[in-house]
Amino acid sequence: MEESILDFIPEIPVSDAVESFMDWLTGTFAFLFDSIQSFGKFVMEGMTDLLILIPPVLFILIIAAAAFFASGKKFGLAAFAIVGLWFVQNQGLWEDLMNTITLVIISSLISIVIGVPVGIWMAKSKWANTIITPILDLMQTMPAFVYLIPAVAFFGIGMVPGVFASVIFALPPTVRFTNLGIRQVPEELVEASESFGSTGSQKLFKVELPLAKSTIMAGINQTVMLALSMVVIASMIGAPGLGSEVLSALQRAQVGTGFVSGLSLVILAIVMDRLTQKLTK
Amino acid sequence: MSKITVENLVKVFGKKKNQALQMVKEDKTKAEILKATGATVGVNDVSFSVEQGEIFVIMGLSGSGKSTLVRMLNRLIEPTEGSIFIDGENISKMDKKDLRKVRREKLSMVFQNFGLFPHRTILENTEYGLEIQGYSKEDRQQKAEIALENAGLIAFKDQYPNQLSGGMQQRVGLARALANDPEILLMDEAFSALDPLIRRDMQDELLNMQETMNKTLVFITHDLNEALRIGDRIAIMKDGELVQLGTGEEILTNPANEYVEKFVEDVDRAKVIRAENIMTRPTYIEIDHDGPHVALQLMKKEGLSSMVVLDDDRNLQGYVTDKDIVKAVQRKEKSVKDILRKDLPTVDPDTLVSELFDVIQDSSTPVGVVRDGKLLGIIVRSLVISALAKDSEVHE
């Protein structure tokens, strides 16, 4: 092969740079990561234990009742929830289900707490919008496995790094939809609010956020679904739950177990999706 | 002191603002500035003042800069240059806090598409202005309910805006603006989205309301008929410039340039011109001095078939017809008192030409224009018709 002019340019050591940056980060902030890790672990294990304490029959009934009222006193979703959750219990996956629910709920909550304010900031500041948009693109298109590496570096293995990776993956829709929702508020209503002498926060809380609510909720629904889809990947770094069942089935080539765990995940996904959609209408 | 004074107000959108501003000062037009700099001049060096209690109409087609202009009055749009004084205070130089105070206490705005918050009930919409000022729930509800009561909307207070018709929504918009008891109302095409009959009702309501409330109104419209109907004075804008400022009468009778003239062409003049604008000086005889011979002489000379009769103080006594006069001359009578007819139709000088039609249609004689019994002038049928022709000369 002939030599090309490009060969004279030495390789830029990007991967080395990232690695040493990560080393520096883990080393310098070790105390911070450690305390997050132990606090997170405490909260999440506590939540899972609490959920497991609830007798499965009672838990199923509560979900069914919520589904019944949320869907306007219709039986469809409630019936599906009863049959579906009973099936999961019947297959002996109840504890895994509770672990997965904890993972998804905590990841979603963190995403919302971070995502909504960032979305508002982007809607208000052109500058923030320009900077954050490509970061969101990066978060969504970077293969999810890549997040596992820093997650392990910071937090070791277990539920906490699983949540960390899930948040990175699931955060963008909430940010994007919040930004969109606020930008979509009709100009005239913003002007009306300002013309009466509203302060910035009065405008935000009394007009913009209420009018952007349904769009923001659509974003949150997407965030919950993405957090669920990270469950299997997160199990690769030791996050317990239905995902780890799928993973071990894969490693041992057990089609049956894999199918049952996968189906349980699908059931959970459908129940959570419909329930969040209906609750936010 | 004027309530609102606007001095050399300029708004430039886009880049190269300074260059565009320089060209504004050199009296260049919007098109020239756009070509040279790429910047759009929204409002081009506009000055005017509005008096307390006045209804000041800013009229122009879309793109004329009228909405930009009104939004600079409460600084929803920041002026590029120039000053706005409200009660002598320079709005354009205020910091955010003072500006909020002015917006809360002095200015309210009514919007073309009503600007009602869809997630709030009618009552909650109406109390918005008071709510953000920190009134207690009781106080603000009470005030909002009074405003809704006045607008005849109290029955709908717990409904949401989308449950109301357009006309009712705009009544809410108006009630919401008035709930703060502002001194100045800015109305941006407030009635333009309503259908014509409702629009008329709303104009009437606004005028009635203005009689008791005496606010200062700045009203934006693209409809000249609306401008003429409600405006005390009208400012006509084109390409960001103020091309004429005056009463409706002045604009109709004396358009400043071709642009205004074209605008005015479409106006239904019948709804604007009044009896006193088209009446002519009457040929008359005095009842105590002039007899049938004088009357006959004058009527022959002027080619009249009837003539009005006044007393010394120009009080209308009646009229005489040519046939009666000829008979009286033949009978050698000395006075017209015996042949005087009293059934001359009369109108007030403020009567609109449109209303004159009915009076003059059924009358074989001219119509007298009378104030306090005194004859000011007369109107014959041909005058009404020529007044409606656009190129007619209008008598002041």
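**Exercise 1. Find out how confident the prediction is for chain A, and which elements score lowest and highest.**

Solution. Keep in mind that this is a predicted model. Start with the whole chain: chain A averages a pLDDT of 89, and 99% of the residues score at least 70. Next, go element by element. Helix α7 (residues 144–155) of chain A has the lowest mean pLDDT, 84. At the other end sits helix α9 (residues 187–195) of chain A, with the highest, 93.

**Exercise 2. Describe the overall make-up of chain A: how many helices and strands does the chain have, and what does the C-alpha trace span?**

Solution. Count the elements and you get 13 helices and zero strands. Reading along the sequence therefore gives you nothing but α in the pattern: α-α-α-α-α-α-α-α-α-α-α-α-α. For the extent, look along the principal axes: the C-alpha trace of chain A spans about 65 × 65 × 45 Å.

**Exercise 3. Line up the UniProt annotations of chain A with its secondary structure.**

Solution. Take the "transmembrane region" feature to begin with. The unreviewed UniProt entry lists residues 50–70, 77–94, 100–123, 144–171, 224–243 and 255–272 of chain A for this feature. Now check two of these spans in the model:

- Residues 50–70 of chain A are 90% helix and 0% strand, and the end C-alpha atoms are 24 Å apart.
- Residues 100–123 of chain A are 100% helix and 0% strand, with end C-alpha atoms 33 Å apart.

Then move to the domain. UniProt (again an unreviewed entry) lists residues 97–276 of chain A as "domain: ABC transmembrane type-1". That span is 87% helix and 0% strand, and its end C-alpha atoms lie 18 Å apart.

**Exercise 4. Work out how three helix pairs of chain A pack.**

Solution. What do you need for each pair? Two packed helices are described by the angle between their axes and the distance between the axes.

Step one: take helix α5 (residues 94–124) and helix α8 (residues 159–183) of chain A. Their axes come within 6 Å and cross at roughly 40°. That makes α5(A) oblique to α8(A), because the angle is neither under 35 degrees nor in the range from 65 to 115. The crossing of α5(A) past α8(A) is right-handed. If you sort the residues in this contact by class, you find 17 nonpolar, 11 polar and one charged.

Step two: bring in helix α2 (residues 30–53) of chain A. The axes of α2(A) and α5(A) come within 9 Å and cross at roughly 135°. So these two are oblique to each other, and their crossing is right-handed.

Step three: try α7(A) with α8(A). They pack at an angle of about 140°, with axes 9 Å apart. The limit for roughly antiparallel is over 145, so α7(A) is oblique to α8(A). α7(A) passes α8(A) in a right-handed crossing.

**Exercise 5. Sketch two sheets of chain B and mark which strands stand at the edges.**

Solution. A reminder before you draw: strands of a sheet pair through backbone hydrogen bonds, either parallel or antiparallel.

Draw the four-stranded sheet to start. This open sheet runs in the order β2-β1-β4-β5 (chain B), with antiparallel pairing. Its edge strands are β2 (40–50) and β5 (89–90) of chain B, each pairing on one side only. Inside the sheet, β1 (residues 4–13) and β4 (residues 81–86) of chain B pair over five bridges in the antiparallel sense. To place them, put B:Val10 opposite B:Glu81 in β4(B).

Now the three-stranded one. Its order is β11-β12-β13 (chain B), the sheet is open and the pairing is mixed. β11 (284–286) and β13 (316–321) of chain B each have a single partner strand, so one side of each is left without a neighbour in the sheet. On average, neighbouring strands here are turned by 30° against each other, direction ignored. Zoom in on β12 (residues 306–310) of chain B and β13(B): they pair antiparallel over five bridges, and B:Leu310 has B:Leu316 as its bridge partner.

**Exercise 6. Find the hairpin made by β15(B) and β16(B), and look at its turn.**

Solution. Begin with the pairing: β15 (residues 367–371) and β16 (residues 374–379) of chain B are antiparallel over five bridges. One bridge to check joins B:Gly368 to B:Ile378 in β16(B). Then look at the turn. Two residues lie between the strands, and B:Asp372 in the turn has a positive phi of about 50°.

Notes: Residues are numbered from 1 along each chain as its sequence is written. Chains are lettered from A and ligands numbered from 1 in the order in which they are written. This is a predicted model: local features need pLDDT of at least 70, side-chain atom pairs count only at pLDDT 80 or more; totals for chains, interfaces and linings use all residues. Side-chain values use heavy atoms; hydrogens and water are left out. pLDDT is the predictor's confidence in each residue, from 0 to 100. Axes are lines fitted to C-alpha atoms, for helices over the stretch in contact, and angles run from 0 to 180 degrees between N-to-C directions. A crossing is left-handed if the near helix is turned anticlockwise from the far one by less than a right angle, and right-handed if clockwise. Ala, Val, Leu, Ile, Met, Phe, Trp, Tyr, Cys and Pro count as nonpolar, Asp, Glu, Lys and Arg as charged, and the others, Gly among them, as polar. UniProt positions are given in the numbering used here, feature names are shortened, and annotations may be inferred rather than shown by experiment. Two strands pair if DSSP finds at least two bridges between them.
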